Amino acid sequence: MFLSVFDMFKVGIGPSSSHTMGPMVAAADFLDMLRAAPFEFHGLKASLHGSLAFTGVGHATDRATILGLAGFQPDTYDNTKAEEALEQIRETGLVHPPDLPALKFDPREDLKFDFGPNLPGHANGMILMATDAQGDVLLQETFYSIGGGFVMTEAELAAGKDTNEGPPVPYPFKSAAEMLEMAQTSGKTIAEMKKANEVARGCADSLAKGCARLWQVMNDCIERGLTTDGILPGGLSVKRRAKSIHDALQAERGMNLNAPHTINDWMSAYAMAVNEENAAGGQVVTAPTNGAAGVLPAVIRYWLDHVPGASASRIDEFLLTSAAIGGLVKFNASISGAEAGCQAEVGSASAMAAAGLCAVMGGTPEQVENAAEIALEHHLGMTCDPVKGLVQVPCIERNGLGAIKAVSAASLALRGDGTHFVPLDSVIETMRQTGDDMHEKYKETSLGGLAVNVPNC
Ligand code: SF4
């Protein structure tokens, strides 16, 4: 099992990795299929299924699909160009993907939200079709957006395809138990083993640079969120709060006014800054998803700004350790809210952040595993019930709480010797089973929970 740190942490756009990035990536893959096919295409059609339909409008899945079919991609996304393209598509009913002829695609008639049963492979399904001049389908593909911006075709999903095939890696741990055993035998930290795996896959030169860029994008996102106020889009009239909380915290600095727990407000402000940017469709890094993108940057920023001895030179160690834990969760359970509820998103993010913080604060591999376990264990059962299908309530605040739990988990683990009662593997398996048993209405469909109990929504 190998999942690169650059697959776990991807630069993309808000508000959702599964509902925005995934569909855009799927559309890009479909355009590649069209470029390779021996047909003359005249038009495109798309249908969104399951959670992509139920919360698609709130998560901007329609927008992402339209832009994806017009040739936009998450990592090079330019909002001004996207707005211009959308305007043109609305006026002409045509998309102009690179290296293909202009294709008919009028979102009003060619993009459908299908509120019937889910497609068989996954809760986030979409079907993309290319047609001839009569409107008959010449090429069709079913894609599943499986969380964190990862996408699979129907055939890949059925074949259980490993999305990261490649040369063997020196530390192919598939469970936390294997990871600890390999750490013990090799004398390496989790980050060192992960780094060796990345190097075996050809990431040697780009690793430090890539990790530095990821942190730059994460921190830029925090800074934008801390300096922007106003109302978030989508119709809920949710006020951005990160800036005002941060302004107040800064004003109170040095005035001896604050109770010690105010440090939690700093963490919340950092996390909320990211998730407010995400909700506004800004640039974020999946960590491991967009909805949970605030937890890990908030914990890094907390560490850098508030913990004596912290150094930005160790951010790659933080990210590599976090990615190792995220890979275990993804491989053995899920990082998708549509698959397993918010325990899989904010819970996974909190476990990853706890592990990263524990590692850079000198934790042993056993303590790191313990930190991840504590953080994930105390998110078990958490549902996904975004109000109005928007990644705002409860998502924004929840990232702050995920960061606070991550720091507490790392701290508790560092006070022990790494021995503990519940293995991380057991918590991951419990999360998987709980996700399987969770009613569909609590899995990113906005058909239950807060989504139906908040008045006037
Ligand atoms: S409730 Fe959690 S899983 Fe659901 S959209 Fe919000 S952050 Fe993602």
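**Group meeting: overall fold, two annotated domains and a ligand site**

Of the 457 residues of the protein, 56% count as buried, and I should say at once that what we are looking at is a predicted model. Staying with the whole chain for a moment, a compact globule with 457 residues would have a radius of gyration near 23 Å, and since the protein has 22 Å, the value agrees with that expectation. The C-alpha atoms, taken along the principal axes, fill a box of roughly 70 × 50 × 40 Å, and the protein contains 20 helices and 9 strands.

Let me turn to the annotated regions, both of which come from an unreviewed UniProt entry. The record places a "Serine dehydratase beta chain" domain at residues 4-155; this span is 38% helix and 28% strand, with its end C-alpha atoms 23 Å apart. For residues 187-451 the record gives a "Serine dehydratase-like alpha subunit" domain, and here the chain is 60% helix and 1% strand, while the end C-alpha atoms lie 48 Å apart.

That brings me to the ligand, and to the question of where it sits in the model. The ligand sits in the largest cavity, and the residues that surround the ligand are Gly-291, Cys-342, Glu-345, Cys-384, Cys-395 and Arg-398. How does this shell divide by residue character? It comprises 3 nonpolar, 1 polar and 2 charged residues; by the classes used here, cysteine counts as nonpolar, glycine as polar, and glutamate and arginine as charged.

Notes:
Residues are numbered from 1 along each chain as its sequence is written. This is a predicted model: local features need pLDDT of at least 70, side-chain atom pairs count only at pLDDT 80 or more; totals for chains, interfaces and linings use all residues. Side-chain values use heavy atoms; hydrogens and water are left out. A residue is near a molecule or strand if one of its heavy atoms lies within 4 Å of it. On a 1 Å grid over the protein atoms alone, a cavity is a set of points where a 1.4 Å probe fits but cannot get out, and a pocket is an open set with protein on both sides within 12 Å along at least five of seven lines; lining residues have an atom within 4 Å of a point. A molecule sits in a cavity or pocket if more than half of its atoms lie within 2 Å of its grid points. UniProt positions are given in the numbering used here, feature names are shortened, and annotations may be inferred rather than shown by experiment. Helices (H or I, at least four residues) and strands (E, at least two) are DSSP runs, numbered from the N terminus. The radius of gyration is taken over C-alpha atoms; the globule rule is 2.2 Å times the number of residues to the power 0.38. Buried means under 20% relative accessible area, exposed over 50%, partly exposed in between (1.4 Å probe, protein chains only).
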